[in-house]
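Biologist: Hey, got a minute to walk me through this one? I'd like to hear about charges, histidines and the surface.

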Amino acid sequence: TAPDSSFNFLAGDGEYHLLNLTDATGCSYPLNQAYLIANHPFAAQVSSSAYLCDSDKTRLHFQLTGTAPFTVSYIQNSILQTYNSMTSVFDLYWPNGHYNLLSIHDSNSCQLSLGTSFNFNYHPILVTHSAPIYQCSTNEHQFLFHFEGNLPFTLSYTKDGQPDQLTSWQSDTLISLQNGDYHFGDVTDVTSCLFHLNEDYQFHTTILSAQVTMPYYDCSSQQTWLHMNFTGNAPYTIHYAFNAQPQQWITAGNSFDQALSNGSYYLTDVTDAQNCSVTLSQLYPVNESPLTVTHSVPVYHCTLHKTQVLYHFSGKSPFQLHYTFNGATQIITMQADTLLRFVNGIYFFDEVSDANGCQYNLNETDTFSFTPLTLNLATPVYSCDSNKMNMQVSLTGQSPCTFYYFKDLQPQQWTSNQSPFNMYMDNGNYYFYKVSDQTGCQLD
């Protein structure tokens, strides 16, 4: 019942049938109208934003109650925008920018003021990296990764089959890996966007080192050899200067031997396949010659009463002569060519060795039995039978011996293989001035 001719009839949800309208006089007007009212209270729920990797947009989820259609009013980068939806559940996809979500109203003109701000600044995920760079000092392999997307980034990988992860909060990240077999799977960012790598790497390296032994002379090959040992990553390149001229050797082995010619070698450094370098700075002067031995024919020395032999050597001094004297072992050390003098006896000259340990076989047997030259002249005696003067001569030394004399001022000489012997002289004036033996010794 309404006291006025104009009124509102408020009805809740339900089915209504208007039959008639009657006034105060009892007059009635048939209406015969049916209504179905199914309105809902107006409410809105906006869920948190979610970045969508494929579309490079951020999704906002709306869940409303009320009467469709619905109108969303918002400001995008200072520009007023609206969005109409016929459904109560819908999503909006917004690119990066600054947004103010103002209000939502439905078909009943019900309105909710929201006043919510959003600032979207997401980026598509992209991953690049450098080729692995070997670090000589740490024996590690470094990758410079460049990430684009939304921090932080997580790299999922396996090392020797074991899963592991690495998280970075920087767009440019240096990653160092030790030896092992690696598989790079994928990279995810904070929005769970995924970038597939699917890359395999095998690292099995060793820190470069070089050990150089002092060059040594090999007697058999008659060459000087240089030996080096390496750890690292073959092949190795040895840089050096020979007589001030740059040179290099290359070897694929961890052990290296090189024959050296005579000259000056300066080893500068060694590099390996990873371009790592080790400084050597070692100078080796090489001046070797094969061991050879020659000697003169033994000669008796008249004054010293010894046999002398001149030895000539090539090789590396000092030199040692190994021999036996009457069965007793002897060694003589010499720095250079040497004149040796030996007393009488039985000698076996075995070998000569030098400072390199080389040996030169002599295998010589000598017997020295020289007797000093002496002379004894008896007083001449007249021989009746020969009518000559007879003088007995006694000698020691190496026959034959030769007498040098003047007879009546005329030079004469007489050679004899015997001692003593008789020298018969005719009448005359004799002057004996010299005698010599086979060795060249002489007496005045």
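Modeller: Sure, we'll go through salt bridges, a lone acid, two histidines and some nonpolar surface. Keep in mind that this is a predicted model.

Biologist: Okay, charges to begin with. How many salt bridges turn up in the whole structure?

Modeller: Three, searching the whole structure. One of them pairs the side chains of Lys316 and Glu288, at 3.8 Å from N to O. That pair links distant parts of the chain, 28 residues apart. Lys316 sits in the loop between strands S29 and S30, and Glu288 is in the loop between S26 and S27.

Biologist: And is Glu288 buried or exposed?

Modeller: Glu288 counts as buried because its relative accessibility is 18%, and the cut-off for buried is under 20%. Lys316 is partly exposed, at 36%.

Biologist: What about Lys388, which side chain does it meet in a salt bridge?

Modeller: That's Asp426, with 3.5 Å from N to O. Lys388 is in strand S37 and Asp426 is in the loop between S40 and S41, so the pair ties together parts 38 residues apart in sequence.

Biologist: Where does Lys407 come in?

Modeller: Lys407 lies in strand S38. Its side chain also meets Asp426 in a salt bridge, at 3.7 Å from N to O. Here the tied parts are 19 residues apart in sequence. Through the shared partner, Lys388, Lys407 and Asp426 form one network.

Biologist: How accessible are Lys388, Lys407 and Asp426?

Modeller: Lys388 is partly exposed with a relative accessible area of 29%. Lys407 is partly exposed too, at 22%, and so is Asp426, at 35%.

Biologist: Switching topic. You mentioned a lone acid. Which side chain of opposite charge is nearest to Asp106?

Modeller: Arg59, and that one is 24 Å away. Asp106 is buried but has no salt bridge. You'll find Asp106 in the loop between strand S9 (97-105) and strand S10 (111-120).

Biologist: So what is around the Asp106 side chain?

Modeller: Backbone, for one thing. The backbone nitrogen of Thr67 is 3.1 Å from a polar atom of the Asp106 side chain. The backbone nitrogen of Asn108 also lies 3.1 Å from a polar atom of that side chain.

Biologist: And which residues does Asp106 contact, apart from its neighbours in sequence?

Modeller: If you skip everything within four places in sequence, Asp106 is in contact with Phe42, Gly66, Thr67, Pro69 and Phe70.

Biologist: On to histidines. Where's His239?

Modeller: His239 is in strand S22, residues 236-242. With a relative accessible area of 24%, His239 is partly exposed.

Biologist: Which side chain does His239 make a polar contact with?

Modeller: Asp269, side chain to side chain, at 2.9 Å. Leaving out neighbours within four places in sequence, His239 also contacts other residues, including Gln247, Gln248, Tyr266 and Leu267.

Biologist: I was wondering about Phe342 as well. How far apart are His239 and Phe342 in space?

Modeller: They're 53 Å apart, C-alpha to C-alpha. Along the sequence, 103 residues separate them.

Biologist: What about His322, buried or exposed?

Modeller: His322 is buried, at 18% relative accessible area. The residue is part of strand S30. Beyond four places in sequence, His322 touches several residues, among them Phe348, Phe349, Asp350 and Glu351.

Biologist: Last topic, the surface. Which residues make the nonpolar patch?

Modeller: Phe7, Phe9, Leu21 and Tyr29 make a nonpolar patch of about 490 Å². Phe9 is in the segment before strand S1 (14-22). Phe9 counts as exposed because its relative accessibility is 58%, and exposed means over 50%.

Biologist: I also noticed Leu36. Is that one buried or exposed?

Modeller: Exposed, with 65% relative accessibility. Leu36 is in strand S2, residues 28-37. Not counting residues up to four places away in sequence, Leu36 touches Gly14 and Glu15.

Biologist: How far is the C-alpha of Leu36 from that of Asp13?

Modeller: 7.6 Å, although Leu36 and Asp13 are 23 residues apart along the chain.

Notes. Residues are numbered from 1 along each chain as its sequence is written. This is a predicted model: local features need pLDDT of at least 70, side-chain atom pairs count only at pLDDT 80 or more; totals for chains, interfaces and linings use all residues. Side-chain values use heavy atoms; hydrogens and water are left out. Patches are made of residues with over 30% relative accessible area and no salt bridge: like charges are joined within 9 Å, nonpolar side chains (Val, Leu, Ile, Met, Phe, Trp, Tyr) within 5 Å. Accessible areas come from the Shrake-Rupley method with a 1.4 Å probe; for residues, only the protein chains shown count as cover. A salt bridge is a side-chain nitrogen of Lys or Arg within 4 Å of a carboxyl oxygen of Asp or Glu. Helices (H or I, at least four residues) and strands (E, at least two) are DSSP runs, numbered from the N terminus. Buried means under 20% relative accessible area, exposed over 50%, partly exposed in between (1.4 Å probe, protein chains only). Lys and Arg count as positive and Asp and Glu as negative; His and the chain ends are not counted. A polar contact is a pair of N or O atoms within 3.5 Å; within protein, one must be able to donate a hydrogen and the other to accept it, and residues adjacent in sequence count only if both atoms are side-chain atoms. Contact means heavy atoms within 4.5 Å.
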